[in-house]
Amino acid sequence: MAQGSKSAADHPPRLGKPIKRRFFDRSVHEVAPDLIGATLLVDGVGGIIVEVEAYHHTDPAAHSFRGPTARNMVMFGPPGFSYVYRSYGIHWCVNFVCEEAGSASAVLIRALQPTHGIPAMRRRRGLHDERALCSGPGKLCEALGITIKQSELPLDQSPIALHARTGQPEIVKGIRIGLTKAVDLPWRYGLKDSKFLSKRF
């Protein structure tokens, strides 16, 4: 086992203060970069958020752009709840609803640095390399056991736990990934030089 893997698995970093739902009651463009460096846990398994994307209701790439549906209704509710959807019929993706009720804006969690429950992640993903466990929205959902069952849940109550970052990370921004609409908007945020990103900036 690599030394980095052992230290991360055996000695998870200190957690910051719990993040409450009111944290999300602001512009999605403020929340998204502020999530970089925070820790996301589901039933105690997870890690440090190193990459996110912002989606605003005025954005043609947002699921809420054409109005509420049975799938995206939680986006139109109050902030601080999870929105989980299936991407291309294959992968689950998790989002955090932001802004006031009716705004229908959210942050997609794209990548984590694994810190807690790494053995469970490895079992779920069927691989060992920590850098590949959560380096994409579908990968991290598989690693954390996130499915549609975790959709529409409050982000400050079990089984979900969010903890504020304990330092001030250096954040980079760029265009979002894999879109066919609004492709030039620089609404992707990441931890500079992280080895755990889904794609370099």
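The exercises below work through features of a predicted model, each with a solution in steps.

**Exercise 1. Place Leu-41 in the fold: find its element, decide whether it is buried or exposed, and list its contacts that are remote in sequence.**

Step 1. Find the element. Leu-41 belongs to strand S1, which covers residues 39-42.

Step 2. Judge the burial. The cut-off for buried is under 20% relative accessible area. Leu-41 has a relative accessibility of 7%, so Leu-41 counts as buried.

Step 3. List the contacts. With neighbours within four places in sequence set aside, Leu-41 touches Leu-15, Gly-46, Gly-47, His-116, Pro-159, Ile-160, Ala-161 and His-163.

Step 4. Take one of these partners, Pro-159. Pro-159 is 118 residues away from Leu-41 along the chain, yet their C-alpha atoms are separated by 8.0 Å.

**Exercise 2. Describe helix H2 from its start to the residue that follows, and say which strands help cover its buried residues.**

Step 1. Look at the start. A side-chain oxygen of Ser-27 comes to within 3.1 Å of the backbone nitrogen of His-29.

Step 2. Pick out the buried positions. In H2 (residues 28-35) these are Val-28, Val-31, Ala-32, Pro-33 and Leu-35.

Step 3. Find the cover. The elements over these buried residues include strands S2 (45-55), S4 (91-98), S5 (105-116), S7 (171-174) and S8 (188-191).

Step 4. Look past the end. Gly-37 follows H2 and has a positive phi, near 100°.

Step 5. Set helix H3 beside this. In H3 (residues 118-125), the buried residues are Ile-118, Ala-120, Met-121, Arg-122 and Arg-125. Just after H3 comes Gly-126, with a positive phi of about 70°.

**Exercise 3. How many aromatic pairs does the whole structure hold, and what are the geometries of Phe-24 with Phe-96 and of Tyr-83 with Tyr-85?**

Step 1. Count. The search of the whole structure gives three aromatic pairs.

Step 2. Take Phe-24 and Phe-96. Their ring centres are 5.7 Å apart with 80° between the planes, and the pair is edge-to-face.

Step 3. Locate the two rings. Phe-24 is in the loop between helix H1 (3-10) and H2, while Phe-96 is in strand S4, so the pair ties together parts that are 72 residues apart in sequence.

Step 4. Check burial. Phe-24 counts as buried because its relative accessibility is 0%, and Phe-96 counts as buried at 1%.

Step 5. Take Tyr-83 and Tyr-85. The centres lie 5.5 Å apart and the planes meet at 35°, so this pair is tilted. Tyr-83 is buried at 1% relative accessibility; Tyr-85 is buried too, with a relative accessible area of 13%.

Step 6. Look for a cluster. Phe-23, Phe-24 and Phe-96 make up one aromatic cluster.

Step 7. Add the charges over rings. The charged end of Arg-26 sits over the ring of Phe-23, 4.6 Å from the ring centre. The charged end of Arg-176 sits over the ring of Tyr-55, at 4.5 Å from the centre.

**Exercise 4. Characterise the largest pocket by its volume and lining, and state which element gives the most to that lining.**

Step 1. Give the volume. The largest pocket holds about 800 Å³ of space.

Step 2. Describe the lining. It comprises 37 residues, and those nearest the centre are Tyr-85, Ser-87, Tyr-88, Cys-93 and Leu-108.

Step 3. Assign the lining to elements. At least two residues each come from S2, strand S3 (82-87), S4, S5 and helix H5 (137-144).

Step 4. Name the main contributor. H5 gives the most to this lining, with five residues.

Note on methods
Residues are numbered from 1 along each chain as its sequence is written. Side-chain values use heavy atoms; hydrogens and water are left out. Helices (H or I, at least four residues) and strands (E, at least two) are DSSP runs, numbered from the N terminus. Buried means under 20% relative accessible area, exposed over 50%, partly exposed in between (1.4 Å probe, protein chains only). Contact means heavy atoms within 4.5 Å. A polar contact is a pair of N or O atoms within 3.5 Å; within protein, one must be able to donate a hydrogen and the other to accept it, and residues adjacent in sequence count only if both atoms are side-chain atoms. Rings of Phe, Tyr and Trp (its six-membered ring) pair if their centres lie within 6.5 Å; planes under 30 degrees apart count as stacked, over 60 as edge-to-face and the rest as tilted. A charge sits over a ring if NZ of Lys or CZ of Arg is within 6 Å of the ring centre and within 35 degrees of the ring normal. On a 1 Å grid over the protein atoms alone, a cavity is a set of points where a 1.4 Å probe fits but cannot get out, and a pocket is an open set with protein on both sides within 12 Å along at least five of seven lines; lining residues have an atom within 4 Å of a point. Grid points are joined across faces, edges and corners, and a volume is the space filled by probe spheres set on the points.
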